[in-house]
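Here are some exercises to work through with the model open beside you. Try each task on your own, then follow the solution step by step.

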Amino acid sequence: MAPPAAIRWFAVVSALMLFHLITTSTAIYCDEDDCYDLLGVTQSANTSEIKKAYYKLSLKHHPDKNPDPESKKLFVKVANAYEVLGIM
Ligand SMILES: *[C@@H]1O[C@H](CO)[C@@H](O)[C@H](O)[C@H]1NC(C)=O
């Protein structure tokens with residue numbers, strides 16, 4: 001027999017809350033790197049600072065300007081970090 005709807009609802013809500021707690025209590029990571037470190041900003045940086053840092057780095061590491069394959073990797077990482085932080 002399935003448990004009453006209220007109990008199932010409670011289980012779903014507590015699972016979601018627990019998940020939320022876990023994800024917000026740890027730093028936001030972009031693969032193995034801290035997104036903020038990648039962009040060279042602190043966690044207290046506001047959106048305009050994050051944007052500025054991203055533009056600076058994306059120009060610096062842009063594949064058109066920088067033929068180094070490491071640079072392209074960084075360019076992708078920085079773009080990802082900006083995307084992750086941009087939705088926060
Ligand atoms: C973000 O922070 C910078 C430096 O602290 C400040 O100059 C700027 O006005 C802030 N921008 C917003 C949108 O709060």
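**Exercise 1. The chain as a whole**

Work out how many helices and strands there are in the chain, and in which order the elements run.

Solution. Step 1: use the rule that helices (H or I, at least four residues) and strands (E, at least two) are DSSP runs, numbered from the N terminus. Step 2: counting gives 4 helices and 2 strands. Step 3: reading from the N terminus, the order is α-β-β-α-α-α.

Before you go on, note that this is a predicted model, where local features need pLDDT of at least 70 and side-chain atom pairs count only at pLDDT 80 or more, while totals for chains, interfaces and linings use all residues. Residues are numbered from 1 along each chain as its sequence is written, and side-chain values use heavy atoms, leaving out hydrogens and water.

**Exercise 2. Inside and outside**

Find what share of the residues in the chain is buried, and what its accessible surface comes to.

Solution. Step 1: sort residues by relative accessible area: buried is under 20%, exposed is over 50%, and partly exposed is in between (1.4 Å probe, protein chains only). Step 2: of the 88 residues, 22% are buried. Step 3: for areas, use the Shrake-Rupley method with a 1.4 Å probe; for residues, only the protein chains shown count as cover. Step 4: the accessible surface of the chain is about 6,900 Å², and carbon and sulfur atoms hold 64% of it.

**Exercise 3. A histidine and a leucine**

Describe where histidine 61 sits and which residues it touches, then do the same for leucine 74.

Solution. Step 1: histidine 61 belongs to the loop between helix H3 (47-60) and helix H4 (69-86). Step 2: with a relative accessible area of 10%, histidine 61 is buried. Step 3: leaving aside residues up to four places away in sequence, histidine 61 touches Asn66, Ser71, Leu74 and Phe75; a contact means heavy atoms within 4.5 Å. Step 4: leucine 74 is part of helix H4 and, at 33% relative accessibility, is partly exposed. Step 5: under the rule that skips residues up to four places away in sequence, leucine 74 touches Leu38 and His61.

**Exercise 4. A serine in a helix**

Is serine 58 buried or exposed, and which backbone oxygen does its side chain reach?

Solution. Step 1: locate serine 58 in helix H3. Step 2: serine 58 counts as buried because its relative accessibility is 11%. Step 3: its side chain reaches the backbone oxygen of tyrosine 55 at 3.1 Å.

**Exercise 5. Opposite charges**

Search the whole structure for salt bridges and say which residues take part.

Solution. Step 1: recall that side chains of opposite charge can pair when their charged atoms come close. Step 2: apply the cut-off, a side-chain nitrogen of Lys or Arg within 4 Å of a carboxyl oxygen of Asp or Glu. Step 3: the search finds 1 salt bridge. Glutamate 70 forms a salt bridge with lysine 73, and their closest N and O atoms are 3.1 Å apart. Step 4: the two residues are 3 residues apart in helix H4, so about one helical turn separates glutamate 70 and lysine 73. Step 5: glutamate 70 is partly exposed at 47% relative accessible area, whereas lysine 73 is exposed at 52%.

**Exercise 6. Around the ligand**

Which residues are around the ligand, and how much of the ligand does the protein bury?

Solution. Step 1: look for residues with a heavy atom within 4 Å of the ligand. Step 2: these are Asn46, Ser48 and Glu49. Step 3: the ligand taken alone exposes 360 Å², and the protein buries 29% of that.

Definitions and conventions
A polar contact is a pair of N or O atoms within 3.5 Å; within protein, one must be able to donate a hydrogen and the other to accept it, and residues adjacent in sequence count only if both atoms are side-chain atoms.
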